[in-house]
Amino acid sequence: MAGLAASFGSGAMSNSMDDVAKQAQAFFIIGSNTTEQHPVFGTMLRQAVRQRGAKLVVADPRKIDITEFATLHLRHRPGTDIALLNGLMYIILEKGWEDKSFIDERTENFDEFKAAVMNYPPDVVSNTTNIPVEKLYEAAEILAVNNPMAVIWAMGITQHIVGVRNVMDLANLQMLLGNMGKPGGGVNPLRGQNNVQGACDMGALPNVYPAYQPVTSPEVIEKFAKAWGVKTKDEGGRVKDELTLSDKVGLTVTEMIPGILDGRIKALYIIGEDPVMSDPDTNHIRKCLSSVDFLVLQEIFPSETAVYADVLLPGASFAEKTGTFTNTERRVQMVRQAIEPPGDSKPDWWILSELAKKLMDRISDRVQKDAPHAGWEYKSTSDIMSEINAVTPSYGGITHARLDAGERLQWPCLNAERPGTPILHTKQFTRGKGKFMPIDHVPPAERPDDEYPMIMNTGRVLYHWHGGTMTRRSEGIMQVYGEALIEVNPDDAERIGLNGKTHVRVTSRRGSIEARAWVTDRVPPGMVYANFHFPEASANELTHASLDPVSKIPSYKITAVKVELV
Amino acid sequence: MAVNIKINGKAIQAEDGKTILQVAKEHNVRIPTLCYHKDLNPTGNCRMCVVDVNGWRISPAACVTPVWEGMEIETDSEKVMKDRKLTLELMLANHPQDCLTCDVAGECELQDLAYEYKAEVPAWGAKGTRYKVDSDPNPFIRVDMNKCILCRRCESACAEIQVRDVWGVAKRGFDEVMVAGAGVPMLEARCESCGQCVAYCPTGALSNKMSYGMARAHQVKKVTTTCSYCGVGCQFDLLVKDNKVIGVHSNSEAPVNGMALCVKGRYGYDFIHHPDRLVRPKVRRYLLEGGGKPVSSDQLSVISDRLSVSSDQLSVTSDQLSVTSGPWDWVEVEWEKALDIVADKFADTRSEFGADTTGFLASAKCLNEENYLINKLARQVMGTNNIDHCARL
């Protein structure tokens with residue numbers, strides 16, 4: 001998202017799944033295992049290929065399921081996305097396939113960008129990426145001459161130390177081809193969790209308030225200070241820092257947890273997350289969580305993280321509360337309560353409201369109760385949505401009443417009269433002109449060596465969800481996919497002598513796991529693929545916490561490992 | 001271009017290229033269907049939608065016959081009503097008479113039409129069952145080919161919506177039967193367990209194994225909601241009986257996905273009622289007794305510490321262990337108590353070390369409204385921007 005914010009001024013999926021699937025003449029899927037991770041959208045893409053002959057280029061080291069439908073599959077070396085993209089754009093410029101009028105009218109910084117791309121001629125790129133030159137030409141032609149073309153990606157692009165640069169280079173490609181702002185085109189990052197888009201929109205980020213209003217902006221601080229009844233600094237300079245809204249960018253999840261060890265974080269409140277399973281380098285995470293002074297976990301299950309918690313607060317599942325989720329295409333949809341929460345468990349909004357009231361009693365003088373949105377007396381999530389409408393411009397007109405009446409709303413939807421926005425950037429970009437960014441290839445942080453000669457890639461599988469807290473508790477799903485499987489290429493299986501044996505041990509510089517091997521050419525020689533659904537063999541025991549310098553996203557996709565027989 | 005036709009004597013201008021069924025529907029004339037479904041390409045094989053066309057020797061199937069100039073159509077002549085009834089009786093002759101115990105009774109299209117047309121089960125009908133009941137090991141989909149009427153909607157749904165081509169037809173004549181792959185278990189035929197075939201099956205041939213026998217259609221409350229797995233944002237109906245979610249049905253009005261769902265959305269709901277659910281607030285015993293936090297809060301190491309003591313005094317400590325009175329044990333408490341403890345700790349940490357030594361991890365599984373509140377709690381109440389969630393993971 002940080003990448004798109006730099007290129008366009010705002011970071012979100014630009015188009016809707018429906019217009020992409022129905023109107024794109026070509027798709028470029030890079031770093032998204034769409035049919036397993038976003039299965040229903042994956043089937044929409046399969047339909048487009050089979051039923052109306054849309055072209056599909058997939059760039060992925062793994063032979064994922066969607067490659068069965070690909071016009072062309074580029075199996076590039078892991079961590080060489082930028083070289084590949086620059087190489088494709090070199091060919092597009094060489095052939096004169098760029099959209100000159102779009103570049104002139106809607107973008108800036110083209111010359112600087114072009115100079116960078118000129119360092120990536122096909123023979124150099126072929127060496128870096130291991131893709132034959134003729135395939136580079138074939139791919140560039142499919143993507144350039146079929147218009148509109150939609151780019152689709154997910155964590156395979158962002159979970160690298162160069163994740164933000166990868167994204168900016170994809171934005172470059174779509175500006176170069178004039179594929180922005182129209183149906184069937186666009187930049188389409190698929191958000192993983194059901195409401196990760198909404199959590200970002202609602203300001204569950206260290207640098208922004210709801211609707212991406214920066215915490216460092218004095219105007220924004222004043223706006224929220226007034227709404228929430230917190231003092232501002234300019235009252236004669238006598239207001240103490242602890243009585244104002246902080247103008248300091250906070251810590252990310254990948255900084256907060258390690259920050260426990262150096263004393264930066266003393267008390268941590270976690271809602272519905274399982275860092276022991278989902279964060280990189282599990283051993284280090286365990287060490288951090290067992291050192292924190294006070295850990296509260298608000299959850300529906302005793303997750304792996306619960307072992308370290310001081311207090312466990314039972315929350316409610318999606319079936320037990322009413323409110324909204326926002327999907328990957330910025331569509332806000334109702335979630336409706338079907339059953340009562342079990343036992344004494346409570347909807348998470350109730351827990352937070354009660355806690356906030358107790359905290360305000362203890363932290364005196366901070367909140368002026370007469371401000372319009374100072375209080376925490378919410379009777380329902382509809383009340384909360386009214387407050388969101390007031391302080392979140394892009395959600396200004398999105399109410400439960402409209403959604404219940406059947407309106408289909410995608411943000412930005414500024415007020416109750418507006419219909420919402422299915423496609424972003426149609427007339428101009430949020431920042432005015434789209435900015436071409438010169439991007440150079442950087443090798444991965446961790447590279448194979450003699451001791452750890454192979455690369456491990458990680459991700460999820462169709463049948464399971466993330467840390468597996470929910471799906472490991474689903475009987476049928478466990479019948480179909482009941483244990484961790486590590487994908488091993490047949491060549492590697494033969495080399496390590498897997499013949500007849502079933503289990504392998506995968507070891508990185510940080511840890512070791514043992515699991516059943518799945519011998520398959522889904523992975524190329526030299527790569528294994530592991531998931532993190534099962535605590536007894538979670539890939540995150542092995543991953544490392546090298547972060548993208550801007551987004552602070554861990555580099556999950558490339559870990560140097562050795563693979564042995566058990 | 002428009003063509004002039006008559007349906008049941010009424011003159012209609014219809015769009016060229018549309019089928020009789022489409023035009024009739026547009027003019028609120030009902031023609032019964034079984035194999036036809038608006039989402040799928042029509043196959044015209046069940047013969048329920050036959051109509052009379054003036055001058056035609058045979059009655060064409062309305063779902064696959066286009067309209068053309070001068071066509072005069074009768075949708076409920078005595079002849080087609082009789083034909084439809086016969087079609088239904090031929091189906092019933094080869095269908096188990098077990099509506100009393102069939103899982104889909106009440107939402108079965110064959111049952112509804114047999115009732116409407118007063119179709120009788122012919123005395124000469126097939127006796128007994130021809131195929132194994134619940135014949136496929138797939139944990140989600142219950143297969144009973146005795147109830148199949150060969151409408152082929154499962155085949156079309158798998159090919160056209162899921163684009164997976166699991167279902168096909170084997171054999172011919174009376175032995176004709178739907179098979180997965182070349183007659184293998186569904187999962188071996190690369191089935192992704194999305195359940196699209198079940199959603200489109202008009203009878204009980206394909207039904208949901210997890211909810212089998214749990215409720216009749218009229219006993220459930222349907223609640224339309226949004227899936228909690230991935231970011232696609234599919235909507236569906238939760239089926240609720242006695243405060244329990246017993247199943248998930250497609251909702252054709254869903255904006256993103258229509259009838260389509262994946263295996264997790266349609267069948268991954270049973271975690272909701274799993275016995276592991278947390279149902280009471282719990283705090284570590286040391287928080288109630290006023291002592292400090294045990295040196296290491298790693299429960300495993302605490303337990304192993306205690307076990308190493310027990311190796312010296314085996315008989316004594318095994319008793320002590322079962323009493324579970326250690327400072328790191330969980331104690332169930334009331335909400336009031338739990339929230340007081342949390343509020344005390346966070347307020348104390350804030351006043352002693354500053355707001356920026358506290359951190360909040362919100363959840364991409366929670367509602368927008370809840371994430372807004374976490375943002376407000378961290379920023380308004382505590383005064384820190386240390387708030388994040390798993391977007392990076």
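What follows walks through a predicted model, from the domains of chain A to the places where chains A and B meet.

Start with the layout of chain A, which splits into domain 1 (2-190), domain 2 (196-256 + 315-410) and domain 3 (454-565). Domain 2 is written as two segments. Between domain 1 and domain 3 of chain A, the C-alpha centres are 27 Å apart. Where these two touch, domain 1 of chain A puts in 20 residues and domain 3 of chain A puts in 22. On the domain 1 side, α3 (34-37), α10 (155-158) and α11 (163-176) of chain A each bring at least two residues to the contact. The make-up of that side is mixed, with 8 nonpolar, 8 polar and 4 charged residues.

Then there is P448(A), sitting in the loop that links β15 (434-435) to β16 (454-459) of chain A. With 18 other C-beta atoms within 10 Å, P448(A) comes out as partly exposed, because buried would take 20 or more and exposed 12 or fewer. Beyond its neighbours within four places in sequence, P448(A) has contacts with P453(A), M454(A), I455(A) and A560(A). As for L84(A), 364 residues separate it from P448(A) in sequence, while the C-alpha to C-alpha distance is 21 Å.

Within chain A, strand β12 (residues 323-326) is covered on both faces. G323(A) and F325(A) are buried on one side, and T324(A) and T326(A) are buried on the other. That fits the usual pattern: side chains in a regular strand alternate between the two faces of the sheet. The partner of β12(A) is strand β13 (residues 331-335) of chain A, antiparallel to it and joined by 4 bridges. Here G323(A) faces V335(A) across the pair. The two strands make a hairpin with 4 residues in between, and R330(A) in the turn has a positive phi of about 70°.

Now for the two chains together. The contact involves 127 residues of chain A and 105 of chain B. On the chain B side, 55 of the residues are nonpolar, 30 polar and 20 charged.

A sheet also runs across both chains. It is open, has 7 strands with mixed pairing, and follows the order β13(B)-β12(B)-β11(A)-β10(A)-β9(A)-β14(B)-β15(B). At the edges are β13 (330-332) and β15 (387-388) of chain B, each with a single partner strand, so one side of each has no neighbour in the sheet. One of the places where the chains join is the antiparallel pairing of β11 (residues 311-314) of chain A with β12 (residues 282-284) of chain B, over 2 bridges. In that pairing V311(A) is opposite V283(B).

Two helices of chain B pack on this sheet. Helix α10 (residues 335-353) of chain B touches β9 (267-271), β10 (294-299) and β11 of chain A, plus β12 and β14 (358-361) of chain B, and its direction is at about 130° to that of β11(A). Helix α11(B), for its part, lies across β9 of chain A as well as β14 and β15 of chain B, at about 165° to β14(B).

Helix α11 (residues 368-382) of chain B also meets helix α18 (residues 381-391) of chain A, with axes that come within 9 Å and cross at roughly 60°. The crossing is left-handed. From α18(A) the residues are T381(A), I384(A), M385(A) and I388(A), and they meet N368(B), E369(B), Y372(B) and L373(B) of α11(B). Sorted by class, this helix contact holds 5 nonpolar, 2 polar and 1 charged residues.

Notes: Residues are numbered from 1 along each chain as its sequence is written. Chains are lettered from A and ligands numbered from 1 in the order in which they are written. This is a predicted model: local features need pLDDT of at least 70, side-chain atom pairs count only at pLDDT 80 or more; totals for chains, interfaces and linings use all residues. Domain bounds come from an automatic or database domain assignment. Two residues are in contact if their C-beta atoms, placed from the backbone, lie within 7 Å. Ala, Val, Leu, Ile, Met, Phe, Trp, Tyr, Cys and Pro count as nonpolar, Asp, Glu, Lys and Arg as charged, and the others, Gly among them, as polar. Two strands pair if DSSP finds at least two bridges between them. Axes are lines fitted to C-alpha atoms, for helices over the stretch in contact, and angles run from 0 to 180 degrees between N-to-C directions. A crossing is left-handed if the near helix is turned anticlockwise from the far one by less than a right angle, and right-handed if clockwise.
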